[in-house]
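Me: Can you walk me through this structure? Short answers, please.

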Amino acid sequence: MASSRNGGVVFEDFFPAMVDKLGQEGFMKELCNGFHLLMDTEKGVITFESLKKNAALLGLQGMSDEEIMCMVREGDMDGDQALNEMEFCTLMFRLSPALMENCKEMLEEAFVSTEFDY
C-alpha cells in the first residue's frame, strides 16, 4: 500500500476502486473498521503509540516516528494529538485525490445513512 521513496511515504490510492466495489456506505463502514483496528482501545482514539504499534497492518512498518507523528498531526483537527473517528475518516479522504472530487456528497450521504456505535 505504501512505499518509501526519497525519504517520504508514497501511497497508492485504492480508495476509488473500493468505493466502486463496496458502494459509499460499505466504504465508510470499512473506514470505520480501519479506525477501530488502529485505535487505542482504552482511549477510543488513534494515538501516536497505537498508530506506531499497528503501522504494519497498513503496510507502513518502515515509517519513522516523525512520519507517524506527522500523520497524526495532519489529521488532528481539535489539537488533542490524537485522531477521533471523524478526523481519521477525513484524513483518509484527504489522502485520496480521486475521492476528494466527490467527498462532500459522499460523506454526507454515508454519515446520514450509517449508524455508528459509540
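Me: How many residues are in the largest nonpolar core?
Reply: The largest nonpolar core has 25 residues. Such a core is a set of buried Ala, Val, Leu, Ile, Met, Phe, Trp, Tyr and Cys residues joined through side-chain atoms within 4.5 Å. Buried means under 20% relative accessible area, exposed over 50%, partly exposed in between (1.4 Å probe, protein chains only). F27, L31, I46, L51 and F88 have the most contacts inside this core.

Me: Which element gives the largest share?
Reply: That is α1, with eight residues. Helices here are DSSP runs (H or I, at least four residues), numbered from the N terminus, and strands are E runs of at least two.

Me: Is this a predicted model, and how are residues numbered?
Reply: The model is predicted: local features need pLDDT of at least 70, side-chain atom pairs count only at pLDDT 80 or more, and totals for chains, interfaces and linings use all residues. Residues are numbered from 1 along each chain as its sequence is written, and side-chain values use heavy atoms, without hydrogens and water.

Me: New topic. How many aromatic pairs are there?
Reply: Two. Rings of Phe, Tyr and Trp (its six-membered ring) pair if their centres lie within 6.5 Å; planes under 30 degrees apart are stacked, over 60 edge-to-face, the rest tilted. F27 and F93 are edge-to-face, 6.1 Å centre to centre, with 75 degrees between the planes.

Me: Where do F27 and F93 lie?
Reply: F27 is in helix α1 and F93 in helix α4, so the pair ties together parts 66 residues apart in sequence.

Me: How many disulfides?
Reply: Zero. A disulfide needs two cysteine sulfur atoms within 2.5 Å. The sulfur of C32 is 4.4 Å from its closest cysteine sulfur, in C89, too far for a bond.
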